[in-house]
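Here are a few short exercises to work through with the model open in front of you. Try each task before you read its solution.

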Amino acid sequence: MNKISLGAFIGMTMALCATVRSIPTLAAAGWLQITYLLFSIICFAWPVTAIAGELSTMLQGEGGPQLWVKEGLGERWGLVTA
């Protein structure tokens with residue numbers, strides 16, 4: 001099993017939030033935007049990655065979120081997720 005380092009995880013999360021297109025917005029908001037980014041990482045991105053990691057180890061198969069929803073809620077909701 002491959003593991004990523006903390007630095008790589010932080011880098012990927014920052015790449016998710018701070019793309020080249022968002023730099024002008026970041027500059028306009030100033031240093032307060034850093035607080036917003038950290039808040040979004042802690043309250044949204046980290047829990048989503050923790051849930052996805054847990055589900056992907058429990059339900060190993062092709063499909064990702066569609067498979068997880070299909071197993072939990074049924075075929076119909078799995079199709080809705082897709």
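**Exercise 1. Work out which helices supply at least two residues each to the lining of the largest pocket.**

Keep in mind that you're looking at a predicted model.
- Step 1: Pick out the residues that line the largest pocket: Ile4, Phe9, Met12, Trp46, Thr49 and Ala50.
- Step 2: Match them to helices. The ones that supply at least two residues each are α1 (6–17) and α3 (32–58).
- Step 3: See who gives the largest share. That's α3, with three residues of the lining.

**Exercise 2. Describe the largest pocket by its volume and by the classes of its lining residues.**

- Step 1: Start with the space inside, which comes to about 180 Å³.
- Step 2: Sort the lining by class. You get five nonpolar residues, one polar residue and no charged ones.

**Exercise 3. Find the helix that holds Leu32, and decide whether Leu32 is buried, partly exposed or exposed.**

- Step 1: Locate Leu32 along the chain; it belongs to helix α3.
- Step 2: Take its relative accessibility, 47%.
- Step 3: Compare that with the cut-offs: buried is under 20% and exposed is over 50%. Leu32 sits in between, so it counts as partly exposed.
- Step 4: Now look from Leu32 to Gly63. They're 31 residues apart in sequence, and their C-alpha atoms are 38 Å apart in space.

**Exercise 4. Check what the chain does over the stretch that UniProt annotates as "transmembrane region".**

- Step 1: Get the range. The unreviewed UniProt entry puts this annotation on residues 32–52.
- Step 2: Look at the secondary structure there: residues 32–52 are 100% helix and 0% strand.
- Step 3: Go from end to end. The C-alpha atoms at the two ends of this stretch are 29 Å apart.

**Exercise 5. Sum up the fold and the overall shape of the chain.**

- Step 1: Count the elements: five helices and zero strands, in the order α-α-α-α-α.
- Step 2: Compare radii of gyration. The chain has 17 Å, while a compact globule of 82 residues would be near 12 Å.
- Step 3: Box it in. Along the principal axes, the C-alpha atoms fill roughly 45 × 30 × 20 Å.
- Step 4: Ask how much is tucked away: 11% of the 82 residues count as buried.

**Exercise 6. Find where confidence is lowest and where it is highest.**

- Step 1: Take the chain as a whole. The mean pLDDT is 80, and 95% of the residues score at least 70.
- Step 2: Go helix by helix. The low point is α2 (residues 23–29), with a mean of 73, and the high point is α4 (residues 65–73), at 85.

Methods
Residues numbered from 1 in each chain as written. Predicted model: local features only at pLDDT ≥ 70, side-chain atom pairs only at ≥ 80, totals over all residues. Heavy atoms only, no water. UniProt positions renumbered as here; feature names shortened; annotations may be inferred. Helix = DSSP H or I, 4+ residues; strand = E, 2+ residues; numbered from the N terminus. pLDDT = per-residue confidence, 0-100. 1 Å grid on protein atoms, 1.4 Å probe; cavity = no way out; pocket = protein on both sides within 12 Å on 5 of 7 lines; lining within 4 Å. Points joined across faces, edges and corners; volume = space filled by probe spheres on them. Nonpolar A, V, L, I, M, F, W, Y, C, P; charged D, E, K, R; others polar. Buried < 20%, exposed > 50% of the residue type's maximum accessible area, 1.4 Å probe, protein only. Rg over C-alpha atoms; globule rule 2.2 N^0.38 Å.
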